[in-house]
Amino acid sequence: MRKALFTPVVTLITLTVLAATAGCGSSDAPPSAVRFGGPKAGAAMHAPPPGKGSLAQLPTHPITFQETSRVGGAGENTPIALTTLHGPKSGFTGKVWVWAPPEYYKKENADKGFPVMEALPGAYGYPVNYWIGSDLKLEESLAQMSKAGTSLPFIVVMPVLNPNDKQYYDGSDIPGQPKIGTWLSKDVPDLVRQNFRTLKTRNGWAIMGSSSGGFAALKNVLQNPDTFKVAIPNGPDIVPDSPLWKGHAKAERENNPEVLARRLIARGGPPVYLAFQDGSQEGTVLPKVRKFLAQYGHGPVKTRLQIVPGGTHSGQTYVQGLDEGTMQWVSAQMQGPSA
């Protein structure tokens with residue numbers, strides 16, 4: 001089971017993240033309340049309502065988040081903030097971290113909606129999502145790519161992946177278990193729409209994940225192409241492998257990316273874009289990814305494979321790959337900030 005390879009990395013990253021959320025970061029100021037939408041979010045929020053035909057969707061029900069850290073460098077000291085979300089559609093309650101790029105706060109973008117990337121961790125992804133860690137520098141790297149013109153400026157939302165650290169739930173609604181599939185594909189996007197200026201079109205929505213999170217990203221874009229247009233599966237599992245599927249073969253099949261890809265191809269779309277990333281040293285994962293590409297990478301299933309030279313099954317490898325062509329390809333398929 002490929003997911004287990006992330007466990008030692010997650011342990012270290014978890015300690016780093018917990019230190020950050022305890023007050024460490026690029027700012028010595030105590031944690032503060034953050035609002036990304038509504039009258040307390042700053043001057044950039046005071047834009048006139050979008051006109052008819054606008055792509056921008058204004059926040060519908062903004063809440064207050066708790067700042068956990070700040071993103072330095074190209075991130076321009078922008079906050080990463082946290083809330084605990086009770087998903088009305090899934091019934092699951094879990095933590096969600098969010099970040100908006102520096103461009104989001106600029107006056108000239110006050111009437112614009114921004115593209116969104118849901119970023120999922122590997123391993124259990126509980127009780128934290130390691131993409132908020134300062135060691136991986138996901139947000140800082142995306143901000144730098146945006147400034148360089150090789151990526152769109154994405155809002156990044158980082159939910160927990162599983163309800164505990166005992167089992168993998170394959171980012172799915174396994175019968176009798178917490179509805180993690182609905183949590184990731186419905187409740188978390190709804191939270192973003194309620195709190196940020198987003199885009200009304202699916203061209204503004206991407207989902208990324210690594211290892212077990214890579215499986216969840218791959219599965220969810222094929223299962224919910226009306227929500228997500230793009231997935232970035234990093235070193236992903238290709239088929240469901242949670243032991244919780246035992247006795248639920250039909251439901252497992254309904255959450256199998258191979259089955260979902262065949263169905264999407266058979267009905268002719270809508271088109272989805274799968275930007276796979278793997279390290280050159282991922283000897284177990286790469287053959288499975290290549291087989292998936294050969295079998296299903298045609299018709300409405302558009303694919304790309306970024307192989308990171310010397311890369312391993314790790315977050316550091318995948319952030320490197322983002323800057324070596326993945327984000328440029330992904331951004332070319334998506335809608336940028338628009339009024």
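**View 1. Asn77 lies in the loop that links strand E3 (65-71) and strand E4 (78-86).** Helices (H or I, at least four residues) and strands (E, at least two) are DSSP runs, numbered from the N terminus. Asn77 is not a glycine, yet its phi is positive, at about 65°. Its relative accessibility is 34%, so Asn77 counts as partly exposed; buried means under 20% relative accessible area, exposed over 50%, and partly exposed in between (1.4 Å probe, protein chains only). The model is predicted: local features need pLDDT of at least 70, side-chain atom pairs count only at pLDDT 80 or more, and totals for chains, interfaces and linings use all residues. Residues are numbered from 1 along each chain as its sequence is written, and side-chain values use heavy atoms, with hydrogens and water left out.

**View 2. The loop between E6 and helix H2 (138-148) holds Ala123 and Pro127.** Ala123 is a residue other than glycine with a positive phi, near 55°. Is Ala123 buried or exposed? Ala123 is buried, with a relative accessible area of 1%. In this loop, the peptide bond from Tyr126 to Pro127 is cis, and its omega is near 10°.

**View 3. A second cis peptide bond shown here joins Gly269 and Pro270.** Omega of this bond is about 10°. Pro270 belongs to the loop between helix H6 (257-267) and E11.

**View 4. Ten strands form an open sheet with mixed pairing.** Their order is E1-E3-E4-E5-E7-E6-E9-E10-E11-E12. The edge strands, each pairing on one side only, are strand E1 (33-34) and strand E12 (301-308). Two strands pair if DSSP finds at least two bridges between them. How many bridges link strand E11 (residues 272-279) and E12? E11 and E12 pair over eight bridges, in the parallel sense. Within this pair, Gln277 stands opposite Gln306 of E12.

**View 5. Helix H4 (residues 212-223) lies across four strands of the model.** These are strand E6 (116-120), strand E9 (205-210), strand E10 (230-234) and E11. H4 runs at about 150° to E9. Axes are lines fitted to C-alpha atoms, for helices over the stretch in contact (heavy atoms within 4.5 Å), and angles run from 0 to 180 degrees between N-to-C directions.

**View 6. Helix H3 (residues 180-195) is mostly covered.** Twelve of the 16 residues of H3 are buried, among them Trp183, Leu184, Val188 and Asn195. H3 bends by about 25° at Asp187, and Pro189 follows within four residues. The bend at a residue is the angle between axes fitted to the seven residues ending there and the seven starting there. At 1.5 Å a residue, H3 should span 22 Å, and its end C-alpha atoms are 21 Å apart, which agrees. The expected span of a helix is 1.5 Å times one less than its number of residues.

**View 7. His313 sits in the loop between E12 and helix H8 (315-332).** With a relative accessible area of 9%, His313 is buried. His313 and Gly283 are 30 residues apart in sequence, and their C-alpha atoms are 9.7 Å apart in space.

**View 8. The protein chain as a whole has eight helices and twelve strands.** Of its 339 residues, 57% are buried.
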